[in-house]
2 protein chains.
Amino acid sequence: MTLPSTYLQMISTVSAEGELTMELVEKPIPELGEDDVLIRVEATPINPSDQGVMFGWASMAKATSSGEGKATKLSVPVSPQGMGVMKARIGQALTVGNEGAGTVVAAGAGDYAQSLMGKVVAVMGGGMYAEYRKAPAMMCLVLKDGHTARDGASCFVNPLTALSMVETMRLEGHSALVHTAAASNLGQMLNRICRADGVELVNVVRKPEQAELLRGMGAKHIVDSSSESFMADLTDAVHATGATLAFDATGGGQLASNILTAMEGAAARTPGAYSIYGSVHHKQVYLYGGLDTSPTVLSRGYGMAWGVGGWLLPNFLAKAGTEVAMRLRARVADELKTTFASHYTDELSLEEALQADVVSRYYAKATGEKFLICPQK
Amino acid sequence: MTLPSTYLQMISTVSAEGELTMELVEKPIPELGEDDVLIRVEATPINPSDQGVMFGWASMAKATSSGEGKATKLSVPVSPQGMGVMKARIGQALTVGNEGAGTVVAAGAGDYAQSLMGKVVAVMGGGMYAEYRKAPAMMCLVLKDGHTARDGASCFVNPLTALSMVETMRLEGHSALVHTAAASNLGQMLNRICRADGVELVNVVRKPEQAELLRGMGAKHIVDSSSESFMADLTDAVHATGATLAFDATGGGQLASNILTAMEGAAARTPGAYSIYGSVHHKQVYLYGGLDTSPTVLSRGYGMAWGVGGWLLPNFLAKAGTEVAMRLRARVADELKTTFASHYTDELSLEEALQADVVSRYYAKATGEKFLICPQK
């Protein structure tokens with residue numbers, strides 16, 4: 001097989017003048033070191049964490065695109081406030097796409113790199129929205145025989161996030177979980193993990209049909225935030241499970257605060273769990289996404305033993321250490337088509353992903369919607 | 001000296017009907033165990049943490065008082081929302097007053113208890129808004145010769161809180177601090193501690209005269225939140241000190257969020273401190289008070305490595321362990337009239353503290369205002 005001399009790579013840039021642009025740039029196929037491989041990227045998902053890098057704090061409702069084919073360009077204005085937040089990235093052409101999978105089409109001279117030739121591998125490390133990607137052979141997760149790039153495109157972000165939520169629960173001394181946007185791909189994975197591991201999970205969804213979906217998957221505790229009895233239902237479920245840790249994908253609004261209120265209400269029903277400064281056990285909500293970009297509003301009616309904060313997979317993995325990370329990776333490869341199966345709403349080419357009307361379809365999509373970029377399309 | 005057979009004790013009760021009442025009840029002088037002492041309480045401060053127990057989530061603007069002298073009674077309506085938060089304390093007559101000092105007027109047969117007879121001691125443990133208080137002799141901090149009950153009334157809450165802020169900073173891997181309501185008694189103490197210990201401190205105040213007060217005490221970094229250049233000044237001060245931990249006494253509004261924004265802005269100026277997910281070092285704001293009872297509003301424009309949460313002295317001391325607690329206590333006794341000196345706005349009798357007009361003077365007072373109850377008055 002003959003390799004091309006150049007490939008297309010998607011970049012995102014914020015200008016000092018207050019505009020975010022995304023486009024495809026042509027780059028030379030990189031030189032490979034002894035232990036590197038070159039992956040022909042065949043499938044790479046659009047995760048909310050990718051969208052943070054792609055779009056940052058730009059005013060997405062005002063996005064427009066111009067040009068055609070490989071010259072398609074997305075332009076989005078950025079408010080002065082958004083510019084303040086993105087100050088550190090002004091003028092930098094950032095590559096995007098955290099994870100993906102494809103076929104190894106070239107390899108350095110090293111034995112292990114050579115052994116990957118022709119294999120389908122998954123990799124996490126940024127810059128995956130591209131036709132090709134160089135990676136250290138050691139970073140590649142080799143998929144099992146018969147598993148395609150499409151099967152393995154989302155090997156890392158969602159699976160490791162879901163597994164790390166359960167790890168965090170154990171590390172920080174909690175015994176059950178609350179999860180919001182629970183009908184998402186990630187939420188479905190978390191359900192399968194919790195059922196397999198015997199961990200009680202409260203699923204918070206926003207629509208009756210999402211509750212149905214999870215019920216069909218065997219989820220036990222499901223609470224619909226659109227229901228009038230939401231707070232009572234949530235408090236009951238938290239009380240039944242003893243959950244004192246939540247992961248919230250929405251980030252904004254009152255949901256994190258409502259979860260803490262429910263935890264406090266549940267503790268008030270439990271003899272010995274309550275002091276005059278509120279419930280005794282530390283209650284924590286981690287915001288791991290920002291589907292709702294409005295401010296987080298905390299009523300604070302839940303005593304003094306509580307925390308709300310950001311949670312980011314790479315930070316957790318760095319803290320947990322290599323051994324934990326390797327254990328979680330191995331489980332993902334083993335259970336790729338069962339526990340960690342992903343479903344996609346649509347498949348896009350690189351240039352389609354830059355068209356304003358397509359962006360509006362995948363931008364900040366919540367539960368159940370997930371898009372795949374197929375750079376060879 | 002002859003002891004009375006009864007004493008007056010202040011209690012706070014929330015009724016199921018939605019009313020909070022505070023009054024004085026007559027109780028028999030308690031029996032002393034071998035290792036107990038009886039303290040005639042002579043001085044006990046009103047701290048914000050006491051007011052949480054005294055008034056909880058009652059609608060304080062509607063407080064009224066009735067009766068006279070020892071029969072004075074304070075009545076405050078509680079909204080349905082407030083009742084929800086206070087569910088766990090309905091019908092319980094709670095004693096109030098975390099700390100105070102006085103003279104040991106009776107003691108059990110044990111040697112150590114006997115050795116305290118006639119001594120002036122300070123104690124923390126609740127129920128101090130009373131004419132007398134039984135306490136285990138071991139719990140008493142014996143004041144140095146020449147120090148009065150008034151000197152030692154605030155031995156614990158403010159001094160240990162200020163010291164524990166610096167301990168928390170070290171334990172959690174930060175190297176400088178931000179403190180709000182910085183002109184308070186506690187803030188002044190924290191300044192003296194930080195100057196003595198060589199810890200950089202950013203003082204956030206709300207008025208120019210508070211800035212002057214702290215400047216006169218030798219504080220180096222002072223930022224006035226009423227100034228138009230507040231955010232720029234705060235970011236500069238955070239950058240100069242490298243502070244990634246803040247303690248906020250106000251709790252509500254946008255101050256905590258503004259501090260995190262300033263920390264993020266400071267990190268963006270520092271090479272290597274920034275990633276595409278925001279600044280790398282964990283940024284934390286602990287809310288240790290609630291001077292502003294409005295919701296906490298977080299803009300979240302500061303990446304993913306941040307946290308906001310409640311902070312309570314007893315919880316910290318429990319986590320830090322006995323050795324740390326004893327070291328901090330010893331320092332307080334040694335530096336009682338210097339580092340840990342308190343200043344009081346007024347001295348009240350027990351019954352005065354129940355009069356609605358007096359309550360409105362001390363309720364949720366911020367910086368520079370602190371009241372003392374003198375139960376023997």
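Two strands pair here if DSSP finds at least two bridges between them. Keep that in mind for the sheets. One more point before we start: this is a predicted model.

Let's begin with the smaller topic, the sheet in chain A alone. Five strands make an open sheet, in the order E4-E5-E2-E1-E6 of chain A, with antiparallel pairing. What stands at the edges? Strand E4 (64-66) and E6 of chain A do. Each has a single partner strand, so one side of each is left without a neighbour in the sheet.

Look at the E6 end. E1(A) and E6(A) run antiparallel, joined by 2 bridges. Within E6(A), Leu94(A) is the bridge partner of Ser12(A).

Now put the helix on. H1(A) packs on this sheet and touches E1, E2, E5 and E6 of chain A. The direction of H1(A) makes about 100° with that of E2(A). Which residues of helix H1 (residues 48-55) of chain A are buried? Asp50(A), Gln51(A), Val53(A), Met54(A) and Phe55(A). The cover over those buried residues of H1(A) includes strand E1 (6-14), strand E2 (19-28) and strand E3 (36-46) of chain A. It also includes strand E5 (73-77), strand E6 (94-95) and helix H12 (356-362) of chain A. After H1(A) comes Gly56(A), with a positive phi near 50°.

Next, the sheet that spans both chains. 12 strands form an open sheet with mixed pairing. Follow the order with me. From chain A it runs E13(A)-E12(A)-E11(A)-E14(A)-E18(A)-E20(A). Then it carries on through chain B as E20(B)-E18(B)-E14(B)-E11(B)-E12(B)-E13(B). The edge strands are E13 (221-224) of chain A and E13 (221-224) of chain B, each pairing on one side only. From one strand to the next, the twist averages 15°.

Take one pairing inside it. Strand E18 (residues 283-287) of chain B and strand E20 (residues 306-310) of chain B pair in the parallel sense, over 5 bridges. There, Lys283(B) has Trp306(B) in E20(B) as its bridge partner.

How are the two chains related? A turn of 180° and a shift of 0.0 Å along the axis lay chain B on chain A, with an RMSD of 0.1 Å. The two copies are thus related as by a two-fold rotation axis. The same surface serves both copies: 100% of the contact residues of chain B recur in chain A.

On to the aromatics. How many aromatic pairs are there over all chains? A search of the whole structure finds 18. Here is one of them. Phe247(A) and Trp311(A) pair edge-to-face, 5.3 Å centre to centre, with 85° between the planes. This pair links distant parts of the chain, 64 residues apart. Phe247(A) is in strand E14 (residues 245-248) of chain A. Trp311(A) is in the loop between strand E20 (306-310) and helix H10 (313-320) of chain A. Are these two buried or exposed? Phe247(A) is buried, and so is Trp311(A).

Now a pair in chain B. The rings of Phe247(B) and Tyr288(B) have centres 6.5 Å apart and planes at 65°, so they count as edge-to-face. That pair also links distant parts of its chain, 41 residues apart. Phe247(B) sits in strand E14 (residues 245-248) of chain B, and Tyr288(B) in the loop between E18 and strand E19 (292-298) of chain B. Phe247(B) counts as buried, at 0% relative accessibility. Tyr288(B) counts as buried too, at 17%.

Back in chain A, one aromatic cluster takes in Phe247(A), Tyr286(A), Tyr288(A), Trp311(A) and Phe316(A).

Cysteines, quickly. The count comes to 0 disulfides over all chains. Why is Cys194(A) not bonded to Cys155(A)? The closest cysteine sulfur to that of Cys194(A) is in Cys155(A), 20 Å away, and that is too far for a bond. Cys194(A) is buried, with a relative accessible area of 2%. Cys194(B) is in no disulfide either: the nearest cysteine sulfur, that of Cys155(B), is 20 Å away. Cys194(B) is also buried, again with a relative accessible area of 2%.

Last stop, Ser184(A). Ser184(A) lies in the loop between strand E11 (176-180) and helix H6 (185-197) of chain A. Ser184(A) is buried, with a relative accessible area of 13%. The C-alpha atoms of Ser184(A) and Val205(A) are separated by 9.2 Å, and the two residues are 21 residues apart along the chain.

Key:
Residues numbered from 1 in each chain as written. Chains lettered and ligands numbered in written order. Predicted model: local features only at pLDDT ≥ 70, side-chain atom pairs only at ≥ 80, totals over all residues. Heavy atoms only, no water. Helix = DSSP H or I, 4+ residues; strand = E, 2+ residues; numbered from the N terminus. Axes fitted to C-alpha atoms, helices over the stretch in contact; angles between N-to-C directions. Phe/Tyr/Trp six-rings, centres within 6.5 Å; stacked < 30°, edge-to-face > 60°. Buried < 20%, exposed > 50% of the residue type's maximum accessible area, 1.4 Å probe, protein only. Least-squares fit on C-alpha atoms with pLDDT ≥ 70 in both. Contact = heavy atoms within 4.5 Å. Disulfide = S-S within 2.5 Å.
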